[in-house]
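Please open the model in the viewer and keep the selection panel at hand. The tour below proceeds from one selection to the next.

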Amino acid sequence: MAVLLIVLDLAGTLVFAVEGAMAGLAGGLDVFGLLVVAFVTALGGGTMRDLLIGAVPPNSIRDWRYGGIAFAGGAAVFFLHYFVGRLPGELLMVLDAAGLALFAVAGTEKALDYGVGEFAAALMGTITAVGGGTLRDVLLAQIPLVLRADVYATAALAGSLVLLAARRLGSGPRAAAALGAGGCFVLRVVAATHHWNLPHAL
Amino acid sequence: MAVLLIVLDLAGTLVFAVEGAMAGLAGGLDVFGLLVVAFVTALGGGTMRDLLIGAVPPNSIRDWRYGGIAFAGGAAVFFLHYFVGRLPGELLMVLDAAGLALFAVAGTEKALDYGVGEFAAALMGTITAVGGGTLRDVLLAQIPLVLRADVYATAALAGSLVLLAARRLGSGPRAAAALGAGGCFVLRVVAATHHWNLPHAL
Amino acid sequence: MAVLLIVLDLAGTLVFAVEGAMAGLAGGLDVFGLLVVAFVTALGGGTMRDLLIGAVPPNSIRDWRYGGIAFAGGAAVFFLHYFVGRLPGELLMVLDAAGLALFAVAGTEKALDYGVGEFAAALMGTITAVGGGTLRDVLLAQIPLVLRADVYATAALAGSLVLLAARRLGSGPRAAAALGAGGCFVLRVVAATHHWNLPHAL
């Protein structure tokens, strides 16, 4: 079980790193820039969470495997972007939704472990999931996509809230995590395939 | 007295949140983006201060009332922007100057409570007051307004310095805070009504 | 020796502050903005490192000399930009390379002092050296230069790795620092004079 969790976490890191590096490629970065953006996209959200809850040094720099995986994702895009760029968009979307769900749940749980309240834990889950993409867009001098479009951060927040609600209703931690991750994943995939957007004020 | 301080602090948070959300509206954000920008504008400065002085988790995530007020300000803009956008600019400017003064003084005092020196306390007061607006502009991919125009951050710094000078000269903490806040408020309002700007190098 | 180190560190801070303020000048900032960008460029990297390794309050706000030097650099640009702008580019490049080497080595060493592993120490050295310039570009709403062009961050990383390798091979800390700083400096100067760039993916 613990091994499965680490594998899932590293898999989510890899997916986010690849997406970050693809965005960096479109922004004209060199190979060092790709590695940095891969790292920031994959690990920036967790790093923000760790700084906010006081878990220093953050996991991203304490455990070299995360950085290694993120850099591997960036290097893969540098060498193989011809192939990575041809992966079907649906596959990337589903993998990204899985990473989002995983990060939202893992971020919420780590925040709870550090003794913060439920309000803060829901914020931390959302920041873990979308903080890296936000930093990536800031580095690329763009308004972060999560602020403008798509049920994306909303899905992360929903997953975090489902986890917290399930715990309150007496569910075990494992079932609560599965419910939260499942809720986030399904909401994100359905929203993406149906092009749901949050309302803009008129 | 303590109740009055909390009410003032929450009022300042609300004003900054509304201003942040109005900027987000102009940037084309959806409802989630408005809530995020409201939160960041209202609480980003205090969060930066808390991270820098080692007060983790920061107040903004430890006490749900601040986040709640910030989100309420964002939601108010989403639902009521027709009316909020028609509030007289002078009213918003005066409320904003009040928030600036309050945040500068509160930030300076919290930093002193955590035992940093006077130089750092003045920096922390200024960051508390203008850090949120700076982060807002970074998220909206703009050069932060406080770096380019207006006697704004300068007023926050002046208020912080007045507070520190008053304490050095033997004033009680309450009087020093009132002097600092009053100085910042008056300087900001006078500067705004007279269109004072800091010099640009030629 | 200790005095020499502090002098070198303050000199590096001054060079970076001047460069930051020159960039701010080109971005149309007022005098307050110049001081902020000078501070952020010179001390932002070290502040990020200190937050990540848990050294709070960061050096930049604990020791007023660093902030004082950074502000002095910003003020010098404001008053003397006619002359500063006419300094030969080669001189600025060499001074900047010296600052880069110094910050990379100092950042790596401080991280090691705080007990992080070698992977993290190399990251921290690089962040110390290029984090300030990255924040400067983010504040000026530009894609950070270090992500796009030049063997710059790469030189910082190389210096950090040389230091770590020398320590592993049994070198004393002083010799390791000298080797790391020398490696970074030479690589940066050679790269700049030969217009070396890292490859961009095609």
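Select chain A together with chain C: 24 residues of chain A are in contact with 24 residues of chain C, two residues being in contact if their C-beta atoms, placed from the backbone, lie within 7 Å. The model is a predicted one, in which local features need pLDDT of at least 70, side-chain atom pairs count only at pLDDT 80 or more, and totals for chains, interfaces and linings use all residues. Residues are numbered from 1 along each chain as its sequence is written, while chains are lettered from A and ligands numbered from 1 in the order in which they are written.

On the side of chain A that touches chain C, highlight α2, α3 (59–62), α4 (64–84) and α6 of chain A, the elements that give two or more residues. Helices here are DSSP runs of H or I with at least four residues, strands are runs of E with at least two, and both are numbered from the N terminus. The largest share of this side, six residues, comes from α2(A). Coloured by class, the side shows 17 nonpolar, five polar and two charged residues. In this classification Ala, Val, Leu, Ile, Met, Phe, Trp, Tyr, Cys and Pro are nonpolar, Asp, Glu, Lys and Arg are charged, and the others, Gly among them, are polar.

Next, superpose the two chains. A turn of 120 degrees with a shift of 0.0 Å along the axis lays chain A on chain C with an RMSD of 0.0 Å, by least squares on the C-alpha atoms of residues with pLDDT of at least 70 in both copies. This is the relation of a three-fold axis. Centre the view on A:Ala141, whose C-alpha is the one in chain A nearest the axis, at 3.3 Å. Only 12% of the interface residues of chain A are also interface residues in chain C, so the copies meet through different surfaces.

Now exchange chain C for chain B. This contact takes 24 residues from chain A and 24 residues from chain B. On the side of chain A, the elements giving two or more residues are α2 (31–53), α6 (118–139), α7 (145–148) and α8 (153–168). Here α6(A) provides the largest share, four residues. By class, this side of chain A has 17 nonpolar, six polar and one charged residues. Chain A is also superposed on chain B by a rotation of 120 degrees with 0.0 Å of shift along its axis, at an RMSD of 0.0 Å.

Hide the partners and view chain A alone. How many helices and strands does chain A have? It has nine helices and zero strands. Its C-alpha atoms fill a box of roughly 50 × 45 × 30 Å along the principal axes.

Finally, select residues 31–53 and 89–113 of chain C. These are helices α2(C) and α5(C), which pack at an angle of about 15 degrees with their axes 11 Å apart; the axes are lines fitted to C-alpha atoms over the stretch in contact, and angles run from 0 to 180 degrees between N-to-C directions. The two helices α2(C) and α5(C) are therefore roughly parallel to each other, a term for angles under 35 degrees. To inspect their contact, show C:Gly45, C:Gly46, C:Arg49 and C:Ile53 of α2(C) with C:Phe103, C:Gly107, C:Lys110 and C:Ala111 of α5(C). By class, the contact of α2(C) with α5(C) has three nonpolar, three polar and two charged residues.

Note on methods: Angles under 35 degrees count as roughly parallel, over 145 as roughly antiparallel, 65 to 115 as roughly perpendicular and the rest as oblique.
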